[in-house]
Amino acid sequence: MALARQVLCLSAFLSLPLALAEPIRYSVAEEAESGSLVGKLAEDAGLTPAQLSARRARLVSEDGRQHFRFERASGRLVVAGRLDREELCGQAATCMLPFELLLSSPLQFFRVEVTLDDINDNSPVFREDRVTFKIPETSDPGSRFPLEVARDLDTGSNNIQDYSISPQNEYFSVSYGNRITGKKSLELVLEKPLDREEHAEMGFSVIALDGGSPPRSGTTYVKILILDANDNAPIFTQEEYIGQVPENMPEGSVVLTVLATDQDAGINGEISYQLNEAVGQSDSAFVIDPITGEIKITKPLDFEEANSYELSVRATDGGGLSAICKVLVEVVDVNDNAPELVVSSFSSPIPENTVPGTVVALFSVRDRDSGANGKISCALEDQLSFSLRPAYKNYYELVTVSALDREETPQYILSVTAADAGSPPLTSTQTFTVDISDVNDNAPVFNQTSYTMYVRENNVPTVFVGAVSAGDADVGLNAKVTYSLAPEQGAERPSCSCISVNSENGHVFVLRPLDYEHLRQTEVTVSASDAGSSPLRANVTVRLVVLDENDNAPLVLYPAQDGSPASSELVPVWAEAGYLIGKVVAVDADSGQNSWLSYHLLRATDPGLFSVAVQSGEVRLRRPVTERDSVKQKLVVLVRDNGKPPLSATAALSALLLKDFSDVRLPHSSPAPEDQDGSLTTYLIISLVFVSLLFLISMAVFVARKACRRKELEAGHVLYGADNLQSGLADAATAGTLPRAYCYEISLTTGSGNSEFKFLRPILPSLPPQHCALGQGPDEEQDFPCVPVSTEDTAPDNAGTLSAGQFSALSFD
């Protein structure tokens, strides 16, 4: 039957909302041994052992004391320790211990009520072990003498059921019944008249017997002193006195005054008062004045400990007669207890990506006061991210209501204030410090959108050129930034192998020496990645600019400095000052001021005759040529850049001072230094021999070809190839005397003993034109018309005359 009732309760509980579900009820006898089974709570709640463990089932009680233990493995509810009904509930008719079965994830409550059944573990106890009555011998049979009833802490049938006298005597009997407002009283009843002369005193035991099985008993010894006539006992003005006192009343305050009267006179009418408290209240909080009957407070009262006191006051006259009245003191509650917050569950830290509605804390509130003084309301201080939500009965949940951001607020200090409805109200505050744990939701951020770093060329390997730096708003591993070179799109490796970045601190190094002339700048992409899971990264462009060093000397392009003899510039003796002789052309592979070139005359045969333009390198006459100037002039021009330190190169030039370009013979009479004449003579001899050999070979080849092709050609005809003319007259062509290349046919007369020949203007030949081969290369041949040249003494105006000795020094272009 009980099981069916529990099943019905469980079904009703599951069909109702959490706050309205019927509790699961059990009963257990007090003093049950620890571990005794109370009930199969998991089965009655419809839960499996797996659910109990997964949802972290546990018991929660309002006062924080755990009288029972819940076994998750079996789902049984067992006794946790000694249960004393009298200690827990006093003499209340029903002793019920409520608590909750709390489940997390998701949150769920099951109310449980365990009724503690009384067992007969307490014997009846009298207030006093001995009681003395002074009874006048004139007392009539049927006279009643009140006794204090015994107190039994058990309830129901285990409480006191009957009293008896032992040993039995013929004078007295015991009466136990209701006399005052339905409450039971104990009295000795005189069965027959007393005779002091026969028995001056007598004694017996009054036994209190409860209804337990087996029954328990308590005894007090009653001694009867038989007195002479005092035939009026004291009488109280009220059978029961009721007083109310606030719990904050100061010590020594009068609660109420009892009053008894006695019709006797003299000593038999003098009344004294004696206060007796109920069993279990030995530490008296009250005292009575034996003369006036005023009952006063001896210590502070606490409504939460005891809301009422039951007192017994005995009034005794001088003759030994007495009367007893009951005094009930009701303690009035005042608002002297602030609300209490009991935290059942609290989660901290919580991740910053916690979804709104997540329960952070579960707590209950209680107030030991009663009525309005115990009515509690809870409030959370202004807070946009959290709120309070009632859960069940006096339980509240602290939940999130919006998204959290650790980088904005890493910690929340939440103050929950509980206030009662007393006047004035009392409050208490519970502070929850909620730490927000980091989630990797922030990528590294570089402190610059791009970086430009500089390195001088010819740097040492692994030179430090700068650093990149990225910050991460996260913390811990989520904020630990490492650096690396990111490959270009579509490439598995970085584009430039000359750059390296330190993975820990972002320092950028150039691994090998760089050459500005080959690489002026390059770009790489540096990636910053955090150590979160999954890692986040950011990229930045690093541009490396190579700075030029003055590591390249000027290079002279003209005149060529390839080791061959320098060509001579032809200078007419009639040239004026400022005449342009030639120009030194040089370049520098460096850049900027390292490539700014300046030209200086370093050395010359006659330094005062020439000047060099500093910026352009043009070589000009400083003054007109005189007869004293040497025909052969050698100049050395210094070409210097603007670097620090500067680098330089030299260019050598030669100049021939000629009266007429038709006379290129070098006069041997010209005074010149011995060393210069010697080297010049050597060069001239070598040139003359070379040209003579070339001329003879050319003549032989020409004659042989002509002999085969034309029989009428005279033996004195000489054919000069355009290639010989081109190689022999380079200087003359430069001066503007031969604007184009021509083939000329030369005829010498028998009387040309002065070894002279003339250049004639081309004329139309009377014979069919013959072609000369002008070699342009090893694989090319070009024919030009050959024009006969007259050998007459009279030459055209445009003809120039050269001696045989001068001819060897010319080259044709």
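In this predicted model, the side chains of Glu-86 and Asn-122 are joined by a polar contact of 3.2 Å. Glu-86 belongs to helix H4, which covers residues 85-89. Although Glu-86 is buried, it has no salt bridge. The nearest side chain of opposite charge belongs to Arg-85, at 4.9 Å, and a salt bridge requires the nitrogen and the carboxyl oxygen to be within 4 Å. With neighbours within four places in sequence left aside, the contacts of Glu-86 are Glu-30, Asp-118, Asp-121, Asn-122, Leu-153 and Asp-154.

A second buried acidic residue can be read alongside this one. Asp-152 sits in the loop between strand E9 (144-147) and strand E10 (160-166). Asp-152 is buried and has no salt bridge, and Arg-216, the nearest side chain of opposite charge, is 7.5 Å away. A polar atom of the Asp-152 side chain does, however, lie 3.1 Å from the backbone nitrogen of Asp-154. Again leaving aside neighbours within four places in sequence, Asp-152 is in contact with Gln-91, Asn-122, Ser-123, Pro-124, Asn-158, Asn-159, Ile-160 and Asp-210. Asn-122 is thus listed among the contacts of Asp-152 and also among those of Glu-86.

Attention now turns to charged residues that do pair. The structure holds 20 salt bridges. One of them is formed by Glu-113 and Arg-25, whose closest N and O atoms are 3.2 Å apart. This pair links distant parts of the chain, with Glu-113 in strand E7 (residues 108-117) and Arg-25 in strand E1 (residues 24-29), 88 residues apart. Glu-113 has a relative accessible area of 15% and is therefore buried, the limit being under 20%. Its partner Arg-25 counts as partly exposed, at 37% relative accessibility.

Arg-82 and Glu-87 offer another example, their side chains meeting in a salt bridge of 3.8 Å from N to O. Here Arg-82 is exposed, with a relative accessible area of 56%, and Glu-87 counts as exposed at 59%. Both residues take part in a network of salt bridges that links Glu-31, Arg-82, Asp-84 and Glu-87.

Further along the chain, Glu-504 forms a salt bridge with Lys-480, the closest N and O atoms being 3.6 Å apart. Glu-504 lies in the loop between strand E37 (499-501) and strand E38 (507-510), and Lys-480 in the loop between strand E35 (470-471) and strand E36 (481-486), so the bridge ties together parts that are 24 residues apart in sequence. Lys-480 is partly exposed, with a relative accessible area of 39%.

The strands give a complementary view of the model. In a regular strand, side chains alternate between the two faces of the sheet. Strand E4 (residues 68-71) shows such an alternation: Phe-68 and Phe-70 point to one face and are buried, whereas Arg-69 and Glu-71 point to the other face and are not. E4 runs antiparallel to strand E5 (residues 76-79), and 4 bridges join the two. Within this pairing, Arg-69 has Val-78 of E5 as its bridge partner. The hairpin of E4 and E5 has 4 residues between the strands, and Gly-75 takes a positive phi near 75 degrees there.

Two open sheets may be described in turn. One has 4 strands in the order E8-E14-E13-E10, with mixed pairing. Its edge strands are strand E8 (130-136) and E10, each of which pairs on one side only. On average, neighbouring strands of this sheet are turned by 25 degrees against each other, direction ignored. E10 pairs with strand E13 (residues 201-210) in the antiparallel sense over 6 bridges, and Ser-164 stands opposite Ile-207 in E13. E10 is also the strand that follows the loop holding Asp-152.

The other open sheet has 4 strands in the order E24-E26-E29-E28, paired in antiparallel fashion. Strand E24 (340-346) and strand E28 (386-392) form its edges, each pairing on one side only. Neighbouring strands in this sheet are turned by 30 degrees against each other on average, direction ignored. E24 and strand E26 (residues 359-366) run antiparallel and are joined by 6 bridges, with Arg-366 in E26 as the bridge partner of Glu-340.

Definitions and conventions
Residues numbered from 1 in each chain as written. Predicted model: local features only at pLDDT ≥ 70, side-chain atom pairs only at ≥ 80, totals over all residues. Heavy atoms only, no water. Buried < 20%, exposed > 50% of the residue type's maximum accessible area, 1.4 Å probe, protein only. Lys, Arg positive; Asp, Glu negative; His and termini not counted. Polar contact = N/O pair within 3.5 Å; in protein donor to acceptor, adjacent residues only side chain to side chain. Contact = heavy atoms within 4.5 Å. Pairing = 2+ DSSP bridges. Axes fitted to C-alpha atoms, helices over the stretch in contact; angles between N-to-C directions.
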